[in-house]
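Hi everyone, thanks for coming. I'd like to walk you through one chain today, so please have a look at it while I talk.

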Amino acid sequence: QLVQSGGGSVQTGGSLTLSCSASGRTFSNYAVSWFRQTPGMERAFVGGISHNSGYADYADSVRGRLTVARDKDTVYLQMNNLKPEDTAVYYCATGTALVSRTSREYMYWGQGTQVTVPS
């Protein structure tokens, strides 16, 4: 089980940090990724990091503004220069050996956390 924290509402250009921690198991051997979802849309890949932090991948829409980092059994999504189009429910996910942009490849999911950037 993954437990998320952070999120909330922030003005355009502001910053937020989301956290994702393992509960009851470790994900130290897995890649961990973040996805986001808006109403009526499928979950979209945001960014992911390999098990040893040696590789990271980002969606073009967030590259340079959002950063995924990990420390033992906690993974962070640092979000800077936020825009209204970043408004979504954000989910962390793990259970894959490699970072994947495909949500169905992940076995374990966090509960989701709302990020709102008013326009």
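Let me start with a question: how far apart are the mean positions of the positive and negative charges of the chain? The answer is 2 Å, taken over 10 positive and 8 negative charges. Please keep in mind throughout that this is a predicted model.

Now the general layout. You'll find 11 strands and 0 helices here, so reading from the N terminus gives β-β-β-β-β-β-β-β-β-β-β. The C-alpha atoms fill a box of roughly 40 × 25 × 20 Å along the principal axes. What about the radius of gyration? For 119 residues, a compact globule would come out near 14 Å, and the chain has 13 Å, which agrees.

A few totals for the whole chain. Of the 119 residues, 43% count as buried. The accessible surface is about 6,000 Å², and carbon and sulfur atoms account for 47% of that. If you take contacts between residues at least 6 apart in sequence, 58% of them join residues at least 24 apart.

Let's go inside. Which residues have the most contacts within the largest nonpolar core? They are Trp34, Leu77, Met79 and Tyr90, in a core of 24 residues. Several strands feed this core with at least two residues each: S3 (16–22), S4 (31–37), S5 (44–49), S7 (66–71), S8 (74–79) and S9 (88–96). There is also a second, separate core of 6 residues, and among its members are Ala31, Phe35, Ala93 and Tyr106.

Let me zoom in on Met79 from the first of those cores. Leaving out residues up to four places away in sequence, Met79 touches Gly14, Ser15, Leu16 and Leu18, then Arg65 and Leu66, and also Tyr90 and Val115.

Next stop, the loop between S8 and S9, where I have two residues to show you. One of them is Asp86. Is Asp86 buried or exposed? It is buried, because its relative accessible area is 0%, and the cut-off for buried is under 20%. Apart from residues up to four places away in sequence, Asp86 touches Arg36, Arg65, Asn81 and Val115. So two of the names have come up before: Arg65 and Val115 are also on the list for Met79.

Asn81 is the other residue I wanted from the loop between S8 and S9. Its phi is near 50°, a positive value in a residue other than glycine. Asn81 counts as partly exposed, because its relative accessibility is 41%.

If you like positive phi values, here is another. Ser53 sits in the loop between S5 and S6 (56–58), and its phi is about 65° although it is not a glycine. With 39% relative accessibility, Ser53 counts as partly exposed too.

Moving along the chain, we come to Ala59, in the loop between S6 and S7. Ala59 counts as buried, at 11% relative accessibility. Which residues does Ala59 contact, once its neighbours within four places in sequence are set aside? Those are Phe45, Val46 and Arg101. As for Gly48, which is 11 residues from Ala59 along the chain, the two C-alpha atoms are separated by 9.3 Å.

My last pair is Val3 and Ser23. Val3 belongs to strand S1 (residues 2–5) and is partly exposed, with a relative accessible area of 38%. Beyond residues up to four places away in sequence, Val3 touches Ser19, Cys20, Ser21, Ser23 and Gln111. Ser28 is 25 residues from Val3 along the chain, and their C-alpha atoms are 15 Å apart.

Ser23 itself is in the loop between S3 and S4. It is partly exposed as well, at a relative accessible area of 33%. With residues up to four places away in sequence not counted, Ser23 touches Gln1 and Val3. And how far is Ser23 from Asp60 in space? The C-alpha to C-alpha distance is 31 Å, for a separation of 37 residues in sequence.

To recap what I'd like you to take away: the chain has 11 strands and 0 helices, a largest nonpolar core of 24 residues, and a separate second core of 6. Thanks for listening, and I'm happy to take questions.

Technical notes:
Residues numbered from 1 in each chain as written. Predicted model: local features only at pLDDT ≥ 70, side-chain atom pairs only at ≥ 80, totals over all residues. Heavy atoms only, no water. Helix = DSSP H or I, 4+ residues; strand = E, 2+ residues; numbered from the N terminus. Rg over C-alpha atoms; globule rule 2.2 N^0.38 Å. Buried < 20%, exposed > 50% of the residue type's maximum accessible area, 1.4 Å probe, protein only. Contact = heavy atoms within 4.5 Å. Areas by Shrake-Rupley, 256 points an atom, 1.4 Å probe, with all protein chains shown as cover. Lys, Arg positive; Asp, Glu negative; His and termini not counted. Charge placed at Lys NZ, Arg CZ, Asp CG, Glu CD. Core = buried A, V, L, I, M, F, W, Y, C linked by side-chain atoms within 4.5 Å.
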